[in-house]
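Trainee: I've got a structure open and I'd like to learn how its labels are earned. Can we go through it together?
Mentor: Sure, bring it up and ask away.

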Amino acid sequence: KKIIYAAMFFLAITMMCGNAEKAEAKSYKAGKFKYQYKNTKKGVWITKITPLSSKGISKLNIPAKVKGKKVVKLGNTNDKDTTDHTTLNLFGVRIGYYEEGGIYTPSNPKVHKRVAKIKKIRIPDSVVSITPSCFFDVQEGKEINIPKGVKKEVVNQFTRVKWKKVKISSKNKTYKVKKGCLLSKNGKVMYGLVYKKKRVVVPKTVTMIKTMGTGDAAHSETIHGLAFLGCETLVLPKSVKNVCIFSYSMMKVEVDSGSQYFASKDGSLYDKKDGRLVWLYQTDGIFNIPDGVREIPYHFGPYGWAKKIIIPASVKKVANIVQYCYVKDPVIVCKGKEPPTLSKEQTNSVVSLRDEVINITVYVPKGCKDAYEKTWVIDKSNVSSKRINFTFIEQ
């Protein structure tokens with residue numbers, strides 16, 4: 001009986017909490033927009049904005065106050081992680097959540113179509129917090145502002161969407177925009193592009209390009225691969241000392257010839273000191289590693305899959321090539337008579353989600369087949385590596 005009473009008690013508590021949450025949800029109409037919100041200790045949290053019409057909505061002026069209380073936060077209440085691809089944005093939409101016949105569509109097509117007509121979004125100065133996916137999947141070409149108090153969740157969404165104009169408050173102590181680049185306030189760190197530009201010349205104040213892993217040192221933000229989407233050529237100044245790029249882009253990267261840290265060749269970038277490949281420019285699945293590169297690391301920035309990989313004689317160490325051999329019957333051409341070593345990351349790579357064997361043909365210089373067969377040994381104890389087969393051919 002005690003167990004039954006306890007279960008009934010917790011059930012009652014759960015129902016009360018659920019009803020309290022429903023009662024907490026409120027709505028407010030202003031102009032042609034409906035705002036859903038909840039009251040918090042710090043102020044009003046707007047959880048959803050819905051255009052009520054398809055006309056007269058080109059400007060969205062988010063209210064600074066609702067029922068006399070300051071608006072301090074924007075975003076869906078369930079939006080806590082940018083890696084959760086089912087989380088809805090501020091307008092209750094997410095693309096890629098529902099897939100029909102292999103085509104990704106908005107979760108709410110009607111609302112998404114109306115949001116497309118919004119050309120300018122004005123966030124009030126009172127806002128100090130936005131959720132990680134607040135402005136994900138809104139259409140490009142809009143104008144928006146970032147208030148002085150917003151210090152987190154900026155990089156992951158303001159460089160993901162390419163805007164017509166982004167105005168950051170001069171009083172914001174964390175970020176600024178220059179030449180379409182989202183920078184740290186001191187101008188030393190570049191996080192990506194807020195505008196779509198074919199050729200981007202990075203400001204000379206920048207010492208670090210950081211679009212992979214986490215955001216700036218002060219804030220943890222998930223960085224996506226869309227930071228340079230639309231960019232065809234990225235030009236780095238000689239001031240850049242550190243580069244960490246991940247991008248769904250096949251852009252070329254150039255660096256000032258006076259740089260003591262990096263060298264660029266044919267659109268690819270590598271570290272002058274240790275010869276580590278930093279970014280690879282590839283076309284049509286041809287991964288042509290530039291001569292001068294001494295190490296191919298686990299991450300080296302390519303987007304897409306390799307049909308053919310050309311490794312020059314200068315390369316002495318390979319950490320991750322097999323992972324990019326996703327196509328059927330890929331080819332690797334090795335120019336060096338001395339085979340580069342394969343690291344553990346190489347032999348344990350997850351090459352694909354398919355079950356079939358990946359047969360890789362490796363062309364090597366004459367008289368070097370035996371050396372490559374002894375050096376390039378795949379660790380068959382790994383489940384994925386069991387599906388990797390090398391066939392060495394001298395040429």
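Trainee: Which residue stands opposite Val255 in E20?
Mentor: That's Leu236. Before we go on, keep in mind that this is a predicted model.

Trainee: What makes E18 and E20 a strand pair?
Mentor: Two strands need at least two bridges between them to count as paired. E18 (residues 233–236) and E20 have four bridges, in the parallel sense, so they pass the definition. One of the bridges joins Val235 to Glu254 in E20.

Trainee: And how do you know that E16 pairs with E18?
Mentor: Use the cut-off of at least two bridges again. Strand E16 (residues 199–201) and E18 share three, also in the parallel sense, so that's a pair too. Here Arg199 has Thr233 of E18 as its bridge partner.

Trainee: Which way do the side chains of E18 point?
Mentor: Thr233 and Val235 go one way, Leu234 and Leu236 the other, and all are buried. E20 (residues 252–255) has a covered face with Val253 and Val255, and an uncovered face with Lys252 and Glu254.

Trainee: What does the whole chain look like in numbers?
Mentor: The protein chain has five helices and 31 strands. It has 395 residues, and 47% of them count as buried, which means under 20% relative accessible area. About 20400 Å² is exposed, with carbon and sulfur atoms supplying 53% of that.

Trainee: Why is something called a nonpolar core?
Mentor: The name is for buried nonpolar residues joined through side-chain atoms within 4.5 Å. In the largest one here there are 41 residues, and Ile46, Leu74, Phe91 and Phe135 touch the most other members. Several elements supply at least two residues each, including strand E3 (44–51), strand E6 (69–74) and helix H2 (109–115). In soluble globular proteins, nonpolar side chains tend to be buried together.

Trainee: Which residues does Ile46 touch?
Mentor: Leaving out residues up to four places away in sequence, its contacts include Tyr35, Tyr37, Ile62, Val71, Leu74 and Leu90. Apart from the largest core lies another, of 32 residues, with Tyr270, Val315, Ile321 and Trp376 among them.

Trainee: How do you know that Asp137 and Arg94 form a salt bridge?
Mentor: The nitrogen and the carboxyl oxygen have to be within 4 Å. For Asp137 and Arg94 the closest N and O atoms are 3.0 Å apart, so the pair qualifies. Side chains of opposite charge can pair when their charged atoms come close.

Trainee: What does this pair tie together?
Mentor: Asp137 sits in the loop between strand E10 (129–130) and E11, and Arg94 in the loop between E6 and strand E7 (95–100), so parts 43 residues apart in sequence are tied together. Both Asp137 and Arg94 are buried.

Trainee: What makes Asp274 and Arg276 a salt bridge, then?
Mentor: Their closest N and O atoms are 3.8 Å apart. The limit is 4 Å, so they pass. Asp271, Asp274 and Arg276 are also linked in a network of salt bridges, and the structure holds seven salt bridges.

Trainee: Why is Asp274 called partly exposed?
Mentor: Buried is under 20% and exposed is over 50%, with partly exposed in between. Asp274 has 35% relative accessibility, so it counts as partly exposed. Arg276, at 26%, counts as partly exposed too.

Trainee: And why is Asp284 called exposed when Lys307 is called partly exposed?
Mentor: Asp284 has 59% relative accessibility, so it counts as exposed. Lys307 has 38%, so it is partly exposed. The two meet in a salt bridge, 3.4 Å from N to O.

Trainee: What is unusual about the phi of Asp284?
Mentor: Its phi is positive, about 55°, although Asp284 is not a glycine. Most residues other than glycine have a negative phi. Lys179 also has a positive phi of about 55°, and lies in the loop between strand E13 (175–178) and strand E14 (181–184).

Trainee: Which residues form the nonpolar patch on the surface?
Mentor: Tyr248, Met250 and Tyr303, with about 290 Å² of accessible area together. Patch members need over 30% relative accessible area. Tyr303 has 38%, so it clears that cut-off.

Notes
Residues numbered from 1 in each chain as written. Predicted model: local features only at pLDDT ≥ 70, side-chain atom pairs only at ≥ 80, totals over all residues. Heavy atoms only, no water. Buried < 20%, exposed > 50% of the residue type's maximum accessible area, 1.4 Å probe, protein only. Contact = heavy atoms within 4.5 Å. Salt bridge = Lys/Arg side-chain N within 4 Å of Asp/Glu carboxyl O. Patch = residues over 30% accessible without salt bridge, like charges linked within 9 Å, V, L, I, M, F, W, Y side chains within 5 Å. Areas by Shrake-Rupley, 256 points an atom, 1.4 Å probe, with all protein chains shown as cover.
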